Amino acid sequence: MRQIAAAAEERDRPAVVTPLAAIADAVRGSLRADPEEASARRLRLLDTVDCRLTRLGWRLEAEPGDDGTERWRLVSGSGRVRAAADLPSPAPKLVDDLPDGPLYRSLVPVVGIRALTPGPWITLAEHRATLRDAEGKVRCRLLAQTAVVDGGGDRCSAVRVGRLKGYRADAERVSERISRHYGWSPASPDPLTTLAENLHPGPEGAAYPSVTDPSEPAGPALRPVLQALLDTVEHRAEGVIADIDCEELHDLRVAVRRSRSILTLLRADPPDPALERAGAFFAWLGQVTGPARDLDVHILDWRAHRRRVPEHAADLEPLGRYMKAERDKAYVRLVRILQSKRFRDGVKRWRATLDATNAPWAASERALQPIGKLAGRRIRKLYRRAVEEGSSITDASPDEALHALRKTMKKLRYVFEIVRDAYPRKPVRAILKRLKELQQDLGDVQDTAVQADALRRFGEAMARDGTAGPATLMAVGALAEDLELRRADARTRFATVFAPVAKPRFADRLRRLTRSRTGGG
């Protein structure tokens, strides 16, 4: 049955629904209303910290069952149940831990490796009434819903008019009367959708800020970008301390690397002490966050292998426990660092520098250059270096050569993305697509090699302390071999993904774009 929604337009303080019997009596016209039926249920809404479900207009409901289970339902914006599953309580945080089925397959492309965090408990009261004609035929149904967040939180209400086949006109007339009598718009979302938006406002701190005016002096143009990146570092540090999921640390490290790219762009001669101090701080932060991130990556790959090769899942459980224990120890050390005086002082000093209206934002010749000209020159230089490094790579080149190219590509991409909004969108998308493909392949080469080496070390350590039997050690060896095969595949793909980036056509496009609005060659 298709629904015609009528909900309060006041989003911040939604109105409470008038008793449904009174609404039905006011809008039924010549129809008669059956006695209303009432029910209530308690549930929680789940979403990722970056609101991936809410942004799609979806909501994930978790409702407790009578037998210690939870009923999860994935509901679209139209109210259609896309998938559902009964899960043991407490339910898993990661989609990867869900059993295979429609719910898993619906969530994994959207949620990925982010954790699902539950919101507060909500009580949803529902009242239903049926409108019939003089012959007793059902013409439409009314559903009044009031959702209240426990603990005196938000409250939201709505009325939905159910339209039946062949009686569209009746439903439309009733919906129009509800709108006229009570001021509710038929286009407004239902209460749970509204609460989902209120309860999951989205993460603070922009991960990928960009300048928009290529003619603006570099210092003033990059200052708000650096401020946004520092906001991200601070907020993602809070997420790491709360151990929301592994992507909090990843986003923190990306913000650190982007900050370092900008500081390199602004580096003056003689060096500015404030910028040099910030550069040292971010270099230290990138180093101390590395071990925990490496273990996160190892665990993610272990999870993925467990899905790909289910026959190894049981044998790999000891490896998962070992890596989780190592990861927990690494995170304890990392949390101490993020709560340390050194971290707080570094953030505070850099914040004070960014808030200052004088040097280094207008003190050097480089900071006064147009950001488009300065960044364009840096992009072209890094691109030339990348082509030179990539063109010298052969099948016999060591992995270190590809890793060096990967670092150059990261720097190139970060600088390009700093000014991406200053250029036309279509060519920017095309260039970034090629850069990301190459960077992904180079990352696969490096990451699989590092992970295979780490797995061998883990296996040796588990064998020494007796936490792994022969079956587990064989499964670890098989996983290391799988990584080596994937590394070999990535190396084989390298020539294919590098060729489009090295073509003169790509070079000309990049050169024209980075010179077109900078005022300089």
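**A walk through the fold**

Let's start with one pair of residues: Leu46 has its bridge partner in strand 7, and that partner is Pro118. Here helices (H or I, at least four residues) and strands (E, at least two) are DSSP runs, numbered from the N terminus. You are looking at a predicted model, where local features need pLDDT of at least 70 and side-chain atom pairs count only at pLDDT 80 or more, while totals for chains, interfaces and linings use all residues. Residues are numbered from 1 along each chain as its sequence is written, and side-chain values use heavy atoms, with hydrogens and water left out.

Now step back to see the whole chain. It holds 17 helices and 10 strands. Along the principal axes, its C-alpha atoms fill a box of roughly 85 × 65 × 50 Å. Of the 521 residues, 49% are buried (under 20% relative accessible area; exposed is over 50%, partly exposed in between, with a 1.4 Å probe and protein chains only). If you take the contacts (heavy atoms within 4.5 Å) with a separation of 6 or more, 70% of them link residues 24 or more positions apart.

Back to our opening pair. Which strands does strand 3 join through bridges? Strand 8 (residues 122–132) is one of them: 7 bridges join it to strand 3 (residues 37–47), and the two run antiparallel. Look for Arg41, whose partner in strand 8 is Leu124. Strand 4 (residues 59–64) also runs antiparallel to strand 3, with 3 bridges between them; there, Leu45 is partnered by Glu61. Finally, strand 7 (residues 117–118) is joined to strand 3 by 2 bridges, again antiparallel. For two strands to pair, DSSP must find at least two bridges between them.

Strand 3 also turns up when you look at helix 5 (residues 191–199). The buried residues of that helix are Pro191, Leu192, Thr193, Thr194, Leu195 and Ala196. They pack against strand 3, strand 4 and strand 8, and also against helix 2 (52–55), strand 9 and strand 10 (155–163).

Follow the chain into the loop between strand 8 and strand 9 (138–149), and you will find Gly136. Is Gly136 buried or partly exposed? Its relative accessibility is 23%, so Gly136 counts as partly exposed. Now find Arg32: it lies 104 residues from Gly136 in sequence, but their C-alpha atoms are 8.7 Å apart in space.

Our last stop is helix 7 (residues 246–266), which meets helix 8 and helix 9. The axes of helix 7 and helix 8 (residues 273–288) come within 10 Å and cross at roughly 150°. That is why helix 7 is described as roughly antiparallel to helix 8. Axes are lines fitted to C-alpha atoms, for helices over the stretch in contact, with angles from 0 to 180 degrees between N-to-C directions. Under 35 degrees is roughly parallel, over 145 roughly antiparallel, 65 to 115 roughly perpendicular, and the rest oblique. Residues making the contact include Leu252, Val256 and Leu263 of helix 7, and Leu275, Phe282 and Leu285 of helix 8.

With helix 9 (residues 290–308), the axis of helix 7 again comes within 10 Å, and the crossing is at roughly 130°. Helix 7 is therefore oblique to helix 9. On this contact, Cys246, Glu247, Leu249, His250 and Arg253 of helix 7 meet Gly290, Ala292, Arg293, Asp296 and Leu300 of helix 9. Arg253 is also listed in the contact of helix 7 with helix 8.
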